[in-house]
Amino acid sequence: MTSHKTAQTMKPATAAKKLGVYLEATPPEFQEGVVSRDELNALQAEPPEWLRELRRTGPHPRPVVAAKLGISIGGLTRGGITDALTTEEIDALKTENPDWLVRERATQAEVRKETERVKEKNR
């Protein structure tokens, strides 16, 4: 008896999340289909131009925006950022450095410090 291996597939939203890109900015053929594990691996190994461009200029999904700003996703919400941002918009925010961003970065630094303290204590 032989087993047939079926290709593992995922929804485009899942694939976009794994690729770190904003689904609505991907090409229609990506949004409308399903993505196999092999296709995802190929996209990660040798990204096509559209994927390289999205990663470079955005728009970026909220987790990526938060990481680029050095804050949490909740911090984005508290700062009034609810949509995807481009790299240019993120850079403008960093330059402007509004009060909410300063506060959220300080909060994030405290969280990291506390996490490290707990980690050291548990060693």
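**Salt bridges, helix α7 and the largest pocket**

R56 counts as partly exposed, at 46% relative accessibility. The model is predicted. In this model, the side chain of R56 meets that of E53 in a salt bridge. The N to O distance is 2.8 Å. E53 is partly exposed too, with a relative accessible area of 33%. Both residues belong to helix α4. They are three residues apart there, so about one helical turn separates E53 from R56.

A further salt bridge joins R52 to E49. Here the closest N and O atoms are 2.8 Å apart. R52 and E49 also lie in helix α4. The spacing is three residues, which means that about one helical turn separates the partners. R52 has 38% relative accessibility and counts as partly exposed. E49 has 43% and falls in the partly exposed class as well. The pairs do not stand alone: E49, R52, E53 and R56 are linked in a network of salt bridges. In general, side chains of opposite charge can pair when their charged atoms come close.

The count of salt bridges comes to seven. One of them lies in helix α8, where E110 and K113 are three residues apart, about one turn of the helix. The closest N and O atoms of E110 and K113 are 3.4 Å apart. The two partners fall into separate exposure classes. K113 counts as exposed, at 54% relative accessibility, because exposed means over 50%. E110, at 47%, counts as partly exposed.

Helix α8 also holds V111. This valine has a relative accessible area of 43%, so V111 is partly exposed. V111 and W50 are 61 residues apart in sequence. In space, 36 Å lies between their C-alpha atoms.

Attention now turns to helix α7, which spans residues 87–96. Its buried residues are T87, I90 and L93. Seen down the axis of α7, these buried residues fall within an arc of 120°, so they line one face of the helix. Three helices receive the packing of this buried set: α4 (49–57), α5 (62–69) and α8 (99–121). Helices α4 and α8, home to the salt bridges of E49 with R52 and of E110 with K113, are thus also contact partners of the buried residues of α7. The face of α7 turned away from the buried side carries exposed residues. These are E88, T95 and E96. After α7 comes N97. The phi of N97 is positive, near 45°.

The largest pocket holds about 190 Å³ of space. Its lining is made up of 13 residues. V21, Y22, P61, R62 and P63 are the closest of these to the pocket centre. Helix α1 (12–19) supplies at least two residues of the lining, and helix α5 likewise supplies at least two. Helix α5 is also among the helices against which the buried residues of α7 pack. By class, eight lining residues are nonpolar. Two are polar and three are charged.

Technical notes. Residues are numbered from 1 along each chain as its sequence is written. This is a predicted model: local features need pLDDT of at least 70, side-chain atom pairs count only at pLDDT 80 or more; totals for chains, interfaces and linings use all residues. Side-chain values use heavy atoms; hydrogens and water are left out. Buried means under 20% relative accessible area, exposed over 50%, partly exposed in between (1.4 Å probe, protein chains only). Helices (H or I, at least four residues) and strands (E, at least two) are DSSP runs, numbered from the N terminus. The arc is that of the directions from the helix axis to the C-beta atoms. Contact means heavy atoms within 4.5 Å. On a 1 Å grid over the protein atoms alone, a cavity is a set of points where a 1.4 Å probe fits but cannot get out, and a pocket is an open set with protein on both sides within 12 Å along at least five of seven lines; lining residues have an atom within 4 Å of a point. Grid points are joined across faces, edges and corners, and a volume is the space filled by probe spheres set on the points. Ala, Val, Leu, Ile, Met, Phe, Trp, Tyr, Cys and Pro count as nonpolar, Asp, Glu, Lys and Arg as charged, and the others, Gly among them, as polar. A salt bridge is a side-chain nitrogen of Lys or Arg within 4 Å of a carboxyl oxygen of Asp or Glu.
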